[in-house]
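Ready for a few exercises at your own pace? Have a look at the model first, then work through the tasks and check each solution as you go.

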Amino acid sequence: MIARHPAINPDPTMHAIADDSLDALRKLLGPGGLRSDDVAGTLDPGITTGNLDAGVVAFPATVEEMRDIVRLCSARGIPMVPQGGRTGLAGGAASSPGQLIVSTARLNRILDLDPLAGTAVVEPGVTLGQLQQAAAEHGLSVGIDLAARDSATIGGMVSTNAGGIEAFRHGTTRQRVLGLQAVLPSGEVLDDLKRVTKANEGYDIKQLLIGAEGTLGIITAIALSLVPLQPGQGTALVACPGAAEAVALFRRLRNAPGPDLLAAEILWPDFARITAHGLGLDALVAFAPQESVFLLVEVAGDSAEQAAEHLEIHLAGAIEAGEAQDAVLAKNAEERRRMWLIREESWEADKAWPHGFWYDVSVPQGALDGYARALFARAGELDPAMKVFLFGHLGDGNMHLTVTTGREMPELHDAVDAAVFAGLAECGGSFSAEHGIGLEKRAHLARRGDPAKLALMRTIKQALDPLGIMNPGKVI
Ligand SMILES: Cc1cc2nc3c(=O)[nH]c(=O)nc-3n(C[C@H](O)[C@H](O)[C@H](O)COP(=O)(O)OP(=O)(O)OC[C@H]3O[C@@H](n4cnc5c(N)ncnc54)[C@H](O)[C@@H]3O)c2cc1C
């Protein structure tokens with residue numbers, strides 16, 4: 001995994017948890033339950049290189065062990081950092097010496113999968129890929145998908161309220177969650193592991209933990225609602241004259257009767273072409289005019305033939321209507337895989353053009369074309385050599401972007417922030433779409449968040465975690 005973020009702490013070997021506390025943790029967790037030896041050298045730090053800087057990792061294997069760790073840490077004032085797959089992109093899992101990393105790697109069982117009810121109950125360390133595979137055996141799908149599927153855990157996804165490719169259809173992770181079990185900072189276990197959609201039993205406290213990035217408790221089990229799997233897929237890469245036309249094409253496919261639109265990922269030309277080039281896939285994008293915006297669409301029907309026919313009919317209609325210029329349909333699984341590589345291997349642009357500032361914003365679809373054009377113009381005014389690599393989930397308007405000149409440019413950070421965030425609040429968008437706040441967007445939240453909401457957030461944090469030991473310094 002490529003580390004994209006700088007180390008938070010310069011000395012990852014320093015252990016500041018007192019020896020007697022480490023001994024108590026070892027006793028509590030048994031052999032293999034606590035690691036304090038060469039953690040940085042033997043575990044994958046994931047996306048944020050500072051994730052393992054605490055140097056001490058607890059691996060509870062049961063909810064009781066999790067509860068006892070939290071109680072011990074609470075009694076001794078040891079701050080905890082929950083970690084799942086360490087794929088988070090906002091630095092929410094970063095740690096520093098003196099803190100205890102609490103990994104869910106051993107809480108990795110699918111506890112129940114009920115094909116009739118279409119529900120699953122899992123421990124937090126189950127990866128999305130594991131659950132996708134188990135669900136598929138019963139003709140079901142998780143209803144959420146993202147490129148980090150083989151490492152991202154369900155606990156991490158719930159804690160960041162992950163979105164991904166299918167959010168426009170099935171909502172974000174929050175909408176998939178039926179029930180939760182979590183250990184609160186006090187050491188109490190919140191047991192709300194419902195498996196039903198309707199349970200109006202007063203304040204829906206579990207909603208506070210969803211998207212809290214580990215600041216209000218550690219999730220130990222999750223009940224999820226699954227969706228039917230539609231195995232017959234058709235995939236196409238479409239060249240559109242611009243984002244407005246891509247939105248029109250999205251709406252055409254979304255509203256069309258027959259196979260469902262499963263994914264609609266938009267890629268502006270610089271991003272698509274540089275990524276394709278880095279992957280040796282220039283030929284895949286060669287069909288499109290140079291300035292075209294690309295739309296990667298996937299539909300799912302009863303069979304691959306039905307899906308392909310559906311795409312052919314509606315893409316022909318889109319070309320006639322001027323929404324698309326040309327399109328290539330994937331003829332087999334390998335061609336489909338290559339199309340998805342151009343979308344999912346987003347690091348290629350960063351490799352070719354390093355030192356960029358990354359953003360994860362939401363823009364209402366109707367405002368997207370105007371937002372993108374204004375952003376490109378503003379970036380060009382800051383520096384004519386500046387590149388904006390723009391791509392994202394068109395279905396819900398969640399855009400990812402990197403702004404870079406290819407050289408280090410700390411002097412431009414504030415100006416680039418202003419260029420990216422300009423107009424977002426006014427059009428009803430968001431400066432923080434799906435990756436969460438973590439460490440990286442704290443300043444943005446403090447500056448751009450609604451004051452009343454921020455005050456309530458602090459009150460809630462204080463009420464649940466008065467000692468401030470649950471993932472301190474993150475979010476607020
Ligand atoms: C290639 C790639 C593509 C991605 N694509 C998407 C995408 O399309 N959509 C999207 O939303 N995200 C995406 N992400 C981000 C990432 O996959 C998600 O944020 C993911 O949900 C985090 O899961 P994790 O297990 O890796 O959590 P971690 O990174 O380990 O932790 C993330 C946060 O959750 C907290 N946490 C973890 N487990 C628990 C728990 N059991 N209880 C309480 N808190 C916990 C941590 O403290 C931290 O704050 C992508 C990441 C990569 C690397």
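**Exercise 1: the ligand shell**

Which helix supplies the largest share of the shell around the ligand?

Solution. Keep in mind that this is a predicted model.
- Step 1: Start with the shell as a set: 37 residues surround the ligand, and the closest are Gly 84, Gly 88, Gly 92, Gly 155 and Gly 156.
- Step 2: Look for elements that give at least two residues each: these are strand E3 (80–83), helix H5 (154–160) and strand E10 (218–225).
- Step 3: H5 is the answer, since the largest share, 5 residues, comes from this helix.
- Step 4: Sort the shell by residue character, and you get 14 nonpolar, 19 polar and 4 charged residues.

**Exercise 2: domains**

Find the domains of the protein chain, and say which of them the ligand shell draws on.

Solution.
- Step 1: Walk along the chain through domain 1 (19–103), domain 2 (110–228), domain 3 (232–347) and domain 4 (353–435).
- Step 2: Return to the ligand: domain 1 and domain 2 each give at least three residues to its shell.
- Step 3: For a sense of scale, the C-alpha centres of domain 1 and domain 3 are 43 Å apart.

**Exercise 3: helix H13**

Check the length of H13 (residues 333–344), then work out where its buried residues lie.

Solution.
- Step 1: H13 has 12 residues, and at 1.5 Å a residue the expected span is 16 Å, because the count used is one less than the number of residues.
- Step 2: The end C-alpha atoms of H13 are 16 Å apart, which agrees with that expectation.
- Step 3: Pick out the buried residues of H13: Arg 336, Met 339, Ile 342 and Arg 343.
- Step 4: Viewed down the axis of H13, these buried residues stay within an arc of 120°, so they line one face of the helix.
- Step 5: On the other side of H13 you will find Ala 333, Glu 334 and Arg 337, which are exposed.
- Step 6: The packing partners of the buried residues of H13 include helix H10 (269–278), strand E14 (293–301) and strand E17 (387–393).

**Exercise 4: helix H16**

Now try the face analysis on H16 (residues 413–421).

Solution.
- Step 1: The buried residues of H16 are Val 416, Ala 419 and Val 420.
- Step 2: Down the axis of H16 they fall within an arc of 95°, so they line one face of the helix.
- Step 3: Turned away from that buried side, H16 carries the exposed residues Asp 414 and Ala 418.
- Step 4: The buried residues of H16 pack against strand E16 (357–362), helix H15 (365–382) and strand E18 (398–404).
- Step 5: Just after H16, note Gly 423, with a positive phi of about 85°.

**Exercise 5: two aspartates**

Is Asp 53 buried or exposed, and how many other C-beta atoms lie within 10 Å of Asp 270?

Solution.
- Step 1: Locate Asp 53 in the loop between helix H2 (39–42) and strand E2 (57–58).
- Step 2: Asp 53 counts as buried because it has 25 C-beta neighbours inside 10 Å, where the cut-off is 20 or more.
- Step 3: Asp 270 lies in helix H10 and has 16 other C-beta atoms within 10 Å, so it is partly exposed.
- Step 4: Beyond its neighbours within four places in sequence, Asp 270 is in contact with Lys 387 and Phe 389.
- Step 5: Asp 270 and Ala 349 are 79 residues apart in sequence, with C-alpha atoms 8.8 Å apart in space.

Key:
Residues numbered from 1 in each chain as written. Predicted model: local features only at pLDDT ≥ 70, side-chain atom pairs only at ≥ 80, totals over all residues. Near = placed C-beta within 6 Å. Helix = DSSP H or I, 4+ residues; strand = E, 2+ residues; numbered from the N terminus. Nonpolar A, V, L, I, M, F, W, Y, C, P; charged D, E, K, R; others polar. Domains from an automatic or database assignment. Buried ≥ 20, exposed ≤ 12 C-beta atoms within 10 Å, placed from the backbone. Arc of directions from axis to C-beta. Contact = placed C-beta atoms within 7 Å.
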